[in-house]
Amino acid sequence: MTQYVYRFGGGVSDGGKGDKNLLGGKGANLAEMASIGLPVPPGFTISTAMCTRYYDEGGAFPDSLTAEVANGIAHIEGVTGKRFGDPADPLLVSVRSGARASMPGMMDTVLNLGLNDETVEGLAQASGDERFAWDSYRRFIQMYSDVVLELDHGAFEEALEIAKEDKGYYLDTDMTAADWRALVDQYKALVVEQWDKPFPQDVHDQLWGAIGAVFGSWQSERAKVYRRLNDIPASWGTAVNVQAMVFGNMGDTSATGVAFTRDPAKGDNAYYGEFLINAQGEDVVAGIRTPQYLTKAAREAAGAKPLSMEEALPEVYGELAGVFDTLETHYRDMQDIEFTVERGKLWMLQTRSGKRTAKAALKIAVEMAEQGLITREEAIARVEPQALDQLLHPTLDPKATRDVLTRGLPASPGAASGKIVFDADTAEKRAAAGDAVILVRTETSPEDIHGMHAAKGILTARGGMTSHAAVVARGMGRPCVSGAGALAIDAKARLMRVAIGGQTRELNEGDVITIDGASGEVMAGEVPTVQPELAGDFGTLMAWADAVRRLKVRANAETPLDARTAREFGAEGIGLCRTEHMFFDAARITAVRQMILAEDEKGRRVALDKLLPEQRKDFAEIFAVMAGLPVTIRLLDPPLHEFLPHEEAEFAEVASAAGVAVDTLKRRAAELHEFNPMLGHRGCRLGVTYPEIYEMQARAIFEAAVGMPEAPVPEIMIPLVATRRELELMKAVVDKAAEAVFAETGTRIDYLVGTMIELPRAALRAAEIAEVGEFFSFGTNDLTQTALGVSRDDAARFLSAYVEQGIYAKDPFVSLDVEGVGELIEIAADRGRATRPDIKLGICGEHGGDPASIAFCEQVGLNYVSASPYRVPIARLAAAQAALSKREA
């Protein structure tokens, strides 16, 4: 019989850290912490395999699980000496999720399970604290009603706020035992009103309801969105962890907290975290109360008055610091830890590798390698390539004028400006329309995940450095300022008020603000930015990555600015220079249009003679930046009609400049019109019909190259080739232009002529095409379109549905379709090498900056990848990780 329940605690550990796939990250780490002697409340984990079976069987549990869960409860009873449902001294449990990949806040949790009208009295008597018992019962009813019964959470929150207002209280901690008892009665009445049944009193019914709800939350909308954003397969499922409750809300010697063994925002080797005295865990992470600092140094740095844990509970803090060191050394990574102190006794509730910003990831990886805790290779593997994107973009200009409205906590670094929006749906809608938005909330919840992803930054009035908003924002790389207490948000009126020195300023939805997640500042208007400085830990890790990668990394660039940016980011040449972008320049578009309108070759050559010096200047500027490096230049690719005017006023302007009648221009435009231009008269087809265009471009390239002090290596790429003969004809044009320039200047340089493989026929006939072509560059944007028969510009309407239903694992225009398009690349590479063993092979589509696609390029042995300038560091790190993975395989 398949085992689904695994125990931990009390000297028993049925699993360990190597069982993350089976027990989820939380369950595996609870078992591991128990096995190394740390204080972990006893419990058991229901495996991820049960989650899969639960969904396969329509949301039903097998009979065998009943006995396994009963044995798990008996294990907890045996360790704690308490009985589940005992009216005199009841065992209470928590029921939590735990997938193999960390998904903070995305799935459900139920605490204090096992309380009912009888056991609450026993808890009050056994603990000697009636207020604590009734506080725990109201929390349980509120949480169970929300998570399991799916009742209106807001109604319970409103009842609590009214109860506090009626008594003149400000904090939950002001409520007395009698107040909580009265609120419990109100909560039970709300359950009957909304559910038509009384609140469940049978503790076993409670338990099975919670287990089903946690498994059910794996398919909640917020969990689906998070999985899609983080490439977590739905097939993994979640585990369920049932664990004896320990209580941080049993008075002033009790507390609860969240901590990191290092700073997850900056990476500093210092304890980082928050705690609350007389509270339960959700109070910290949900941002319901603004928590206190963990260390005295952090409190003093923030200028906060409430005592830190180090000062308020010094003995327990000392024990906790020892646990931090034990866990970081044991797991060899920065840990994110949840803990509870019950009447002076420390309990560990969770440890996992902590979410961190890119800056922190770099610093932690480099420092741990330098300390000898991990190897350099492990340091390279620890940093997510996509996360580097956070470091490669501008930050606020320190010299810029700032209209500072208020300050909150610097929860996730980076800066962002955008229009204020007050809910996640509006954020998503406005972002889709092209607006930069800042999501402003009193506090975020897991339901806001889609809006947080759409927003440029997040601002909350409540919550601390470990609140939901802070943790998720750091994981996403979004700037976040939390706990800005001077903000009062009126979501219904769509405005926020900021209290400033006795005065109030109002800002409406749509007004622009700027947030600085590094300082916590919130500013009115848009603040200018400055370019990042990439040195220190970034430079160190990149040097380590460069030492192990095999793939070269080039950039897609067609302006001197792009080329310089690419070089600064470590590009080793240009893998795609699109010459058509140069033709759209306002100063030369008239000559381009004159060429198109010409009735014969003579007329086209007159116009091309005007373009030649401009093209030569373009290439000279790029070659100067890329001195001595390969530069792949794609000759003109788009259909000619793209250069012609479309509006009536433009037709008149162009006709006047070209000295032709408007009707003549319109007739020519009509002649060039195509029903399917993507597969029409473009690419090498232009060169075959109008070879003088490619001749002019080739001459411009060679004239620029021979004039360079340090010659580049031009790689002239003929686009959209489908046959050997097309490439043969175009290579002859290029070679003839090269020999003419070499004869005129007396200078020769090395160059290559090759093609972009972007048609399935070219991939299949690569052997004969390689007889002429000296390199292949895979244009994966068009190769994906032509292989899948899908238009990239129109696919957005249905591709998300295809991904959600598992037709494609990912959007094939974002991450390479390895099974289909990948096989075409592999065929072309193998057949090309068979003909020409030294053929140079690269990739230059958008996939060149995607880590998963880069891993494929390493597997098939391409020579280089080419990415947009800002993705060059991402490609360098991904190439190193791909080389290490291949070495380990």
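This passage walks through the sheets, helix contacts and internal spaces of a predicted model.

Residue numbers start from 1 along each chain as its sequence is written. Because the model is predicted, local features need pLDDT of at least 70 and side-chain atom pairs count only at pLDDT 80 or more, while totals for chains, interfaces and linings use all residues; side-chain values use heavy atoms, with hydrogens and water left out.

A good place to begin is the closed barrel, whose 8 strands follow one another as β27-β28-β29-β30-β31-β32-β33-β34 with parallel pairing. Strands here are DSSP runs of E with at least two residues, and helices are runs of H or I with at least four residues, numbered from the N terminus; two strands pair if DSSP finds at least two bridges between them. From one strand of the barrel to the next, the twist averages 25 degrees. Strand β33 (residues 840-843) and strand β34 (residues 864-867) are joined in the parallel sense over 2 bridges, and Ile843 has Val865 in β34 as its bridge partner.

An open sheet of 5 strands is also present, ordered β11-β10-β9-β12-β13 with antiparallel pairing. Its edge strands, β11 (292-293) and β13 (345-353), each pair on one side only. Within this sheet, β9 (residues 255-260) pairs with β12 (residues 335-342) in the antiparallel sense over 6 bridges, with Gly257 opposite Phe339 in β12. Helix α13 (residues 314-331) lies across β9, β12 and β13, and runs at about 30 degrees to β13. Angles run from 0 to 180 degrees between N-to-C directions, and axes are lines fitted to C-alpha atoms, for helices over the stretch in contact.

Two helix pairs are worth a look. The axes of α4 (residues 119-127) and α5 (residues 130-147) come within 8 Å and cross at roughly 145 degrees. Contact, meaning heavy atoms within 4.5 Å, is made by Val120, Glu121, Leu123, Ala124 and Ser127 of α4 together with Glu130, Phe132, Ala133, Trp134, Ser136 and Tyr137 of α5. By class, this contact has 7 nonpolar, 2 polar and 2 charged residues; Ala, Val, Leu, Ile, Met, Phe, Trp, Tyr, Cys and Pro count as nonpolar, Asp, Glu, Lys and Arg as charged, and the others, Gly among them, as polar. The axes of α23 (residues 601-625) and α27 (residues 691-706) also come within 8 Å, crossing at roughly 30 degrees. Residues of α23 including Leu608, Leu612 and Phe619 meet residues of α27 including Ile693, Met696 and Ile701, and the whole contact divides into 12 nonpolar, 2 polar and 8 charged residues.

Turning to the internal spaces, the second largest pocket holds about 620 Å³. A pocket is an open set of points on a 1 Å grid over the protein atoms alone, with protein on both sides within 12 Å along at least five of seven lines, whereas a cavity is a set where a 1.4 Å probe fits but cannot get out; lining residues have an atom within 4 Å of a point. Grid points are joined across faces, edges and corners, and a volume is the space filled by probe spheres set on the points. Of the 27 residues lining this pocket, Asp637, Arg682, Asp782, Gln785 and Arg792 are the closest to its centre. Helix α31 gives the most to the lining of the second largest pocket, with 4 residues, and that lining comprises 8 nonpolar, 8 polar and 11 charged residues.

The whole structure has 4 cavities of 30 Å³ or more, and the largest cavity has a volume of about 50 Å³. Among its 11 lining residues, Arg131, Asp135, Arg139, Thr173 and Asn278 lie nearest the centre. Helix α5 gives the most to this lining, with 4 residues.
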